[in-house]
Amino acid sequence: MAELCDLTGHELAEAYRTGEATPTEAWQSCLRRIQAVDGRVGAFLLVTEDEAGKQASRAEDRLSRNAASPATGIPVALKDVLCTKGIRSTAGSKILEPYVPPYDCTPWTRLRGDGAVLVGKTNCDEFAMGSSTENSAFWPVHNPWNLDTVPGGSSGGSGAAVAAGEAVWALGTDTGGSVRQPAALCGVVGLKPTYGRISRYGLIAFASSLDHIGTFTRDVRDAATLLGAVAGHDPCDATSLPDPVPDYGDRLESGVRGLRVGVIEDWLTMEGVQTGVRDSVQEAVSRLEALGASVDAASLPHADYALSAYYLIAPAECSSNLARYDGVRYGFRAPGGSDVVDMNMRTRGAGFGDEVKRRIMLGTYSLSAGYYDAYYGQAQKVRTLVIRDYQAAFERFDVLVGPTSPTTAFRLGEKTGDPLAMYLSDIFTIPSDLSGTPAISIPCGVASDGLPVGFQVMGRLLDEATILRTAFALEQDLALDLRPPLLDSLGV
Amino acid sequence: MPVEIDVDHVARLARLSLTIEEKERFRRQLGVILEHAERVGEVAAEDIPPTSHPIPRSNVFRSDELRPCLTREDALATAPEVEDGRFKVPRIVEQG
């Protein structure tokens, strides 16, 4: 029998209902898996054993009172940019190493209220800036599919934890692709909903007009369930959308017959797209066609410029958001400052890592007097063009599809010396962060290098239901067996 | 051509103390990244309005109700240095 930690959330919920398993057993199964693999994977910055034990008991109370929700008793991991009351939350940064938040982020408040169990806080690129999780100030994460490769980033710890059975669900954040790209590279499902669909209250901010919270699960049904559990209006976040949250599981099984699917052709033919990625994505497209979808070529003509716009907008917003780390109110303070400005500069110089400093510098420069119009102003116009591209494409198509990332997982250290090459791994995920439209990555195969390939489905604003339905149909048809080889080699 | 930037000036604006090695590296890397990013100017015509948020919302207010907030003790609990119930920082004004 499979270990409980390898089940999906809906399988666990069913096992709880029939009395075959308990939340305590499921959480302890995750804990054993963490003990077996995390020394090699490095997905967790903190394992919250005491809290988890209490939460699992409370989940059992709820189950015995027949008051369970789909999240009750499910072992969940949270990316360490999400604040948890009384539990250290570092954002993967030395500057927040001592930080213990006095409040919970809203998504965790909701999951906790539903009886979910917090397994721990996951490793990530510092302040969610990166595409490989090598920018963590603590240690890099290794992809459970091949420990010499990266799990993607910035939510690499969340992706690796769900892939390796260290957690059943995880939350991450997606500013330029940081949920979908690691989901693709780790062979799991990553959903980035519409901008504002999940409250960001209690999220340690990176780039506020682009930051989205998203989900990591092992199948599409769980993605629908987890989204439903955390989505919805929150008066504590002025950007959160007031629109009602539908039952995302409702139309999951309605199939794709007649669905108009646009394939972003440029993303298959572009230089730098790995053959194995192209082949798996094309195979997935033909499966959709065989299932009754009408497939045609689509384009997002300004997507080429999206990366450039993103690397002006995101650093500009980060330079402003990260101004709060001044060594005064929380976190690390460097010793020996002669006056307050000297203390600020020493604290930030010693507390931030390389990539964070690079982006603060980039953002500060592009917002500084004389350069604003040429850089930030122009980038905001490109953002308009990208949004118009999506609007035009969604007049002809119900969903747009393509690869999530141009390559499978790359080797640790391969791109750390060349920031621009690293930035290019987000080329297919950035456009829907700029437009705020929802997108999901699901596994669509394993390439000849033995690493999983991600298939991206993008939808209209607030139309998560249609991308979930498309992804579900494809997932059922492909019926992939995705178990990282590490688990068998360790005999767990 | 890579863009030339005044690293010392930008680091001062950003309140970052950088080593000589970092300054040299960022000068080089930022120049290359900005050269790539400058491409935004190729397509952004005069008549295209800028977008700051993907889903614009304005005048978002919550109801004006009294609610509990962080206690002074909680708010100060994470500070590096505290004195008399306040955040403590090195001197701000020049000593005369």
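A polar contact is a pair of N or O atoms within 3.5 Å; within protein, one atom must be able to donate a hydrogen and the other to accept it, and residues adjacent in sequence count only if both atoms are side-chain atoms. In this predicted model, chain B and chain A have 23 residue pairs in polar contact, with both residues at pLDDT 80 or more. On the chain B side, the elements giving two or more residues to the interface are helix 1 (7-13), helix 2 (20-37) and helix 3 (40-43). Helix 2 of chain B gives the most, with 10 residues. By class, this side of chain B has 32 nonpolar, 8 polar and 15 charged residues.

The contact draws 68 residues from chain A and 55 residues from chain B. Together the two chains bury about 5,400 Å². Carbon and sulfur atoms account for 68% of that area. Salt bridges between chain B and chain A number 3. One of the salt bridges joins the side chains of Glu81(B) and Arg333(A), at 2.9 Å from N to O.

Within chain A, strand 9 (residues 399-403) is mostly covered. Of its 5 residues, 5 are buried. Strand 9 of chain A pairs with two strands, in opposite senses. With strand 7 (residues 260-264) of chain A, the pairing is parallel and runs over 3 bridges. Here Val399(A) of strand 9 is the bridge partner of Val261(A). With strand 11 (residues 452-458) of chain A, the pairing is antiparallel, over 4 bridges. In that case Val457(A) of strand 11 is the bridge partner of Val401(A).

How values were computed: Residues numbered from 1 in each chain as written. Chains lettered and ligands numbered in written order. Predicted model: local features only at pLDDT ≥ 70, side-chain atom pairs only at ≥ 80, totals over all residues. Heavy atoms only, no water. Contact = heavy atoms within 4.5 Å. Buried area = accessible area lost by both parts, 1.4 Å probe. Salt bridge = Lys/Arg side-chain N within 4 Å of Asp/Glu carboxyl O. Nonpolar A, V, L, I, M, F, W, Y, C, P; charged D, E, K, R; others polar. Buried < 20%, exposed > 50% of the residue type's maximum accessible area, 1.4 Å probe, protein only. Pairing = 2+ DSSP bridges.
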